[in-house]
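Let's take a walk through this fold together, one piece at a time. Have the structure open and turn it as you read.

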Amino acid sequence: MSYALPVDEVAAAIADPIRRSILELLRDGDLPAGEIADRFPVSRPAVSRHLRVLRESGLVHSELVGRQRRYRLDTDRLTELVDWLTRLRGPHGWAQRLDALETEVHRTRRERHTRDAAPRAVGETA
């Protein structure tokens, strides 16, 4: 039984530098497996294994066109990982806290300005 979530599969798939390079190649359009393999200094079976990992993670899809297997990028699976990274990157709740602080600073300045601008009675000190 596997407890891996889709975000885990995607993260594992992009953890390898060769797989990341394959994704970058496919960013500009689909390519046949042989052309992908020709761009790397590893064996064709090794590239085939990388393509299988990317296919199983849903980051690429393949289609048999004649005798060629063509691969194309599918970035939809990256959305969940990007969302998770975005939540991780920013401190939770800080935007609201800073907005509240800004409001308080403006209120305090307004009160001081109003107090300093008010006419004083004779003999009254600030």
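Start with the strands: β2 (residues 60–65) and β3 are joined by 6 bridges and run antiparallel. Keep in mind as you look that this is a predicted model. At one end of the pairing, Val60 has Leu73 of β3 as its bridge partner. Val65 of β2, in turn, stands opposite Gln68 in β3. The two strands make a hairpin, with 2 residues between them. Look at Gly66 in that turn: its phi is positive, about 65°.

Now bring in the remaining strand. β1 (residues 31–32) is joined to β3 (residues 68–73) by 2 bridges, and this pair is antiparallel too. Here Leu31 sits opposite Tyr71 of β3. Put the pairs together and you get an open sheet of 3 strands in the order β1-β3-β2, with antiparallel pairing. That leaves β1 and β2 as the edge strands, each of them pairing on one side only. If you're following side chains along a strand, it helps to remember that in a regular strand they alternate between the two faces of the sheet.

How does the sheet fit into the rest of the chain? Overall there are 6 helices and 3 strands. Reading from the N terminus, the elements go α-α-β-α-α-β-β-α-α. The chain has 126 residues, and 21% of them count as buried. Its accessible surface comes to about 9700 Å², with 53% of that belonging to carbon and sulfur atoms. As for how the chain folds back on itself, take the contacts between residues at least 6 apart in sequence: 51% of these join residues at least 24 apart.

Next, have a look at helix α4, which covers residues 44–57. Does its length fit, or not fit, what you'd expect for a helix? With 14 residues at 1.5 Å a residue, α4 should span 20 Å, and its end C-alpha atoms are indeed 20 Å apart, so the two agree. The buried residues of this helix are Ala46, Val47, His50, Leu51, Leu54 and Ser57. They cover an arc of only 140° around the axis, so they lie on the same side of α4. The general background is simple: an α-helix has 3.6 residues a turn, so residues three or four places apart point the same way.

What do those buried residues of α4 pack against? Their partners are α1, α2 (17–26), α3 (33–38), β2 and β3. Arg52 is also in α4, but this residue counts as partly exposed, because its relative accessible area is 37%. The C-alpha atoms of Arg52 and Ser62 are separated by 9.7 Å, with their positions 10 residues apart along the chain.

Follow α4 down to Ser57, which belongs to this helix. Is Ser57 buried or exposed? Its relative accessible area is 3%, so Ser57 is buried. A polar atom of the Ser57 side chain lies 2.9 Å from the backbone oxygen of Leu54. Setting aside neighbours within four places in sequence, Ser57 is in contact with Glu9, Val10, Ala13 and Arg77. Right after the helix comes Gly58, which has a positive phi, near 85°.

One of those Ser57 contacts, Val10, deserves its own stop. Val10 is found in helix α1, residues 6–14. With 0% relative accessibility, Val10 counts as buried. What surrounds Val10, once residues up to four places away in sequence are left out? It touches Ser57, Leu59, Arg77, Leu78 and Leu81. There's also a long hop in sequence to trace here: Val10 and Thr79 are 69 residues apart along the chain, and their C-alpha atoms are separated by 10.0 Å.

Notes: Residues numbered from 1 in each chain as written. Predicted model: local features only at pLDDT ≥ 70, side-chain atom pairs only at ≥ 80, totals over all residues. Heavy atoms only, no water. Helix = DSSP H or I, 4+ residues; strand = E, 2+ residues; numbered from the N terminus. Buried < 20%, exposed > 50% of the residue type's maximum accessible area, 1.4 Å probe, protein only. Contact = heavy atoms within 4.5 Å. Areas by Shrake-Rupley, 256 points an atom, 1.4 Å probe, with all protein chains shown as cover. Polar contact = N/O pair within 3.5 Å; in protein donor to acceptor, adjacent residues only side chain to side chain. Pairing = 2+ DSSP bridges. Expected span 1.5 Å × (residues − 1). Arc of directions from axis to C-beta.
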